[in-house]
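Here is a friendly walk through one model, residue by residue. Have a look at the structure first, and then we can go through its helices, rings and core together.

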Amino acid sequence: MKDFLLQNYMFINIAVIFIAAFVGLLVFKKYKQTTVKYFIYFLIYVFVLEVLGSYARILNQLGLYHLIESSVFKFNFWWHTLTWYLGSAIFFAWYYRKLLKNNFLKSILQYALYLFLIISIGNIVLNFQQFFEGTFKMIRIGNMSIIMLSAVFYLYELLHTEKILEFYKDFHFYISGILLIWLLVTIPLVHFVCGNAAKDPNQVELKWLIMLYANIFMYLSFSLALILLKPKNDQAY
């Protein structure tokens with residue numbers, strides 16, 4: 001089972017993301033007047049970026065890997081740095097700023113994003129070769145910090161409003177909780193327990209299994225939330 005999951009990691013990961021994006025499209029009509037529609041757009045975006053990010057394996061399957069084998073694009077680290085680590089941080093900061101009512105929290109989130117982008121661009125410029133050969137620890141940590149800050153701010157604000165009385169009906173309560181669980185699983189296990197993955201094959205396997213299970217949980221949970229919950233009367237803007 002473990003070998004099957006590791007050998008088919010990419011396909012399984014793309015499959016669960018596709019399920020979430022497809023479910024989003026199926027239920028889009030009931031959410032089209034709410035901010036949830038932007039979250040559905042994001043799920044579609046993640047599916048597309050994962051498919052395009054698999055270009056090396058796709059070319060290899062087609063017998064065309066030689067086209068990039070000698071180029072800096074033979075690895076897809078650069079693609080995921082731009083589209084996921086930077087892209088998802090920008091989206092969640094923007095998305096949650098649309099949801100938050102507290103201007104102070106919105107400002108903190110905005111300036112945290114600016115700081116993250118400045119540090120990220122600086123890391124890429126100063127270590128440009130690394131941009132194509134691996135990911136940046138600072139950018140990975142910054143990405144997770146922005147997502148966590150976004151979810152925590154929303155839950156904090158929810159606790160201090162009358163909306164807490166009907167939290168179980170709030171789509172974004174569940175999305176924020178799912179994101180926090182995903183982060184609390186992946187951050188300590190992947191970055192600390194598997195901190196020596198570059199040298200230890202067993203830790204490499206454990207790292208990818210953790211990420212796969214965490215992604216399966218997250219995207220299938222998003223799908224269930226989209227199906228089971230009813231849209232709130234909040235106009236998208």
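Methionine 148 is a good place to begin: with a relative accessibility of 25%, this residue counts as partly exposed. Please keep in mind throughout that the model is predicted. Methionine 148 belongs to helix H9, which covers residues 137–159. Setting aside neighbours within four places in sequence, methionine 148 is in contact with Leu180, Leu183, Leu184 and Ile187. Between the C-alpha atoms of methionine 148 and tyrosine 95 there are 13 Å, with 53 residues separating the two along the chain.

Isoleucine 108 can be read in a similar way. Its home is helix H7, residues 103–126, and at 31% relative accessibility isoleucine 108 counts as partly exposed. Apart from neighbours within four places in sequence, isoleucine 108 is in contact with Leu149 and Phe153. The C-alpha atoms of isoleucine 108 and arginine 97 are separated by 9.9 Å, and the two residues are eleven apart along the chain.

Histidine 172 takes us to helix H10, which runs over residues 171–193. Is histidine 172 buried or exposed? Its relative accessible area is 4%, so histidine 172 is buried, the cut-off being under 20%. Not counting residues up to four places away in sequence, histidine 172 touches Thr35, Val36, Tyr95, Tyr96, Leu99 and Tyr154.

The three residues can be set side by side:

| Residue | Helix | Relative accessible area |
|---|---|---|
| Methionine 148 | H9 (residues 137–159) | 25%, partly exposed |
| Isoleucine 108 | H7 (residues 103–126) | 31%, partly exposed |
| Histidine 172 | H10 (residues 171–193) | 4%, buried |

Now to the aromatic rings. A pair of aromatic rings is described by the distance of the centres and the angle of the planes. The model holds 34 aromatic pairs. One of them joins phenylalanine 73 and tryptophan 78 edge-to-face, with 5.3 Å centre to centre and 70° between the planes. Within this pair, phenylalanine 73 is partly exposed, at a relative accessible area of 38%, whereas tryptophan 78 counts as buried at 16% relative accessibility. Phenylalanine 92 and tyrosine 96 make a tilted pair, with 6.4 Å centre to centre and 35° between the planes. Both of these residues lie in helix H6 (residues 77–99), four residues apart, or about one turn of the helix. Phenylalanine 92 and tyrosine 96 are both buried.

A ring can also meet a charge: the charged end of lysine 207 sits over the ring of tryptophan 208, 5.7 Å from the ring centre.

Which residues touch the most other members of the largest nonpolar core? In this core of 67 residues, they are Phe39, Tyr96, Phe171, Tyr219, Phe222 and Leu226. Helix H6 supplies the largest share of the core, twelve residues. Phenylalanine 39 touches Phe91, Phe92, Tyr95, Phe171, Ile175 and Phe222, not counting residues up to four places away in sequence.

Finally, helix H2 spans residues 9–26, 18 residues in total. From its first C-alpha to its last, H2 reaches 26 Å, close to the 26 Å expected at 1.5 Å a residue. Buried residues in H2 include Tyr9, Met10, Ile12, Asn13, Ile14 and Val16; also buried there are Ile17, Ala20, Ala21, Val23 and Gly24.

Notes. Residues numbered from 1 in each chain as written. Predicted model: local features only at pLDDT ≥ 70, side-chain atom pairs only at ≥ 80, totals over all residues. Heavy atoms only, no water. Phe/Tyr/Trp six-rings, centres within 6.5 Å; stacked < 30°, edge-to-face > 60°. Buried < 20%, exposed > 50% of the residue type's maximum accessible area, 1.4 Å probe, protein only. Helix = DSSP H or I, 4+ residues; strand = E, 2+ residues; numbered from the N terminus. Lys NZ or Arg CZ within 6 Å of the ring centre and 35° of its normal. Contact = heavy atoms within 4.5 Å. Core = buried A, V, L, I, M, F, W, Y, C linked by side-chain atoms within 4.5 Å. Expected span 1.5 Å × (residues − 1).
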